[in-house]
Amino acid sequence: MNNETPKFRKVEPQQNKTSFRRKIGMVQSFAMALASRGIKGKKINTATKQLRVLSCFGNDSSGGVLPPCEHLGDSKEKEGMHFCEACGCGDRAGTWLIAESMEYGKLDYPKLACPLSMPGFTNYMPSKEDESVNPITRKYYIENIDYTDLQKVLVNIAEMPEELRQAMENSKNMKKNLNK
Ligand code: SF4
């Protein structure tokens, strides 16, 4: 090595836009990782449930700007309960997205698909480029949300009742046997 003083390339400071993009990547890749992990066991983790709650319910009732999903239906069976009108499962206790008190609700299922493939669901698909153009989509908004705002979404994590776990296990085994 010679004794000349080394020269370094000048690196521009990151523009606001760039750091904003990094934040997008963080929530987006986090949501993808959760979806692809194929959550196992009787409980989902808090972050998955927070993303699901945000996807379905938005946060405009708790000081945010995100409205509920346009497919979120008010239950006619029980006041205060909600179901997904797009998935075709109907309006009954087993399909309510958030159950009463600490009971097990649909958003607690480890594997759960959303008709819009929203963040937090097993079939999550990242937004397309044009979803960032005004008016933006709810999915794009969630992917861009600050991580600290995501953590503010209040959720209860319920454990899958043993009978339900057993029933799901049986139906999985039946499907396997039929495919043999
Ligand atoms: S379409 Fe997806 S985000 Fe909308 S209510 Fe149904 S499950 Fe929730």
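Which residues surround the ligand? In this predicted model, the ligand is surrounded by S55, C56, C69, H71, L72, C84, A86, C87, C114, P115, L116 and M118. Sorted by class, this shell holds ten nonpolar residues and two polar ones, with no charged residue.

The overall architecture provides the setting for that shell. The protein chain contains five helices and two strands, and these elements follow the order α-α-β-β-α-α-α from the N terminus. Of the 180 residues in the protein chain, 24% are buried. Among contacts with a separation of 6 or more, 49% join residues that are 24 or more positions apart.

Confidence varies along the chain. The average pLDDT of the protein chain is 79, and 75% of the residues score at least 70. Among the elements, strand 1 (residues 72–74) has the highest mean pLDDT, 96, while helix 1 has the lowest, 52. Over residues 14–24 the pLDDT stays under 50, and the model has five contacts beyond four places in sequence for this stretch.

The interior can be followed next. The largest nonpolar core comprises 16 residues, and L54, C56, F83, W96, L97, I98 and L150 are the members that touch the most other members. Helix 2 and strand 2 (82–84) each supply at least two residues of this core, and helix 2 gives the most, with four residues. C56 belongs both to the residues that surround the ligand and to the members of the largest core that touch the most others. Leaving aside neighbours within four places in sequence, C56 is in contact with P68, C69, L72 and L97. Apart from the largest core lies another core, of five residues, among them C114, L116, M118 and F121. C114, L116 and M118 also appear among the residues that surround the ligand.

Strand 1 contains D74. D74 counts as partly exposed because it has 13 C-beta neighbours inside 10 Å. The C-alpha atoms of D74 and C84 are separated by 8.8 Å, and the two residues are ten residues apart along the chain. C84 is itself one of the residues around the ligand.

A further link in the fold involves K43, which lies in the loop between helix 1 (16–36) and helix 2 (46–57). Is K43 buried or partly exposed? K43 is partly exposed, because 16 other C-beta atoms lie within 10 Å, whereas a buried residue would need 20 or more. The C-alpha atoms of K43 and A158 are separated by 6.8 Å, although the two residues are 115 residues apart along the chain. On either side of A158, I157 and E159 are in contact with K43, leaving aside neighbours within four places in sequence.

Two details of backbone geometry remain, both in the loop between strand 2 and helix 3 (138–144). Most residues other than glycine have a negative phi, and most peptide bonds are trans. S117, which is not a glycine, has a positive phi of about 50°. S117 is partly exposed, because 16 other C-beta atoms lie within 10 Å. In the loop that also holds P135, a cis peptide bond joins N134 and P135, with omega about -10°.

Conventions. Residues are numbered from 1 along each chain as its sequence is written. This is a predicted model: local features need pLDDT of at least 70, side-chain atom pairs count only at pLDDT 80 or more; totals for chains, interfaces and linings use all residues. A residue is near a molecule or strand if its C-beta atom, placed from the backbone, lies within 6 Å of it. Ala, Val, Leu, Ile, Met, Phe, Trp, Tyr, Cys and Pro count as nonpolar, Asp, Glu, Lys and Arg as charged, and the others, Gly among them, as polar. A residue is buried if 20 or more other C-beta atoms lie within 10 Å of its own, exposed if 12 or fewer, and partly exposed in between; C-beta atoms are placed from the backbone. Two residues are in contact if their C-beta atoms, placed from the backbone, lie within 7 Å. A nonpolar core is a set of buried Ala, Val, Leu, Ile, Met, Phe, Trp, Tyr and Cys residues joined through C-beta atoms within 7 Å. pLDDT is the predictor's confidence in each residue, from 0 to 100.
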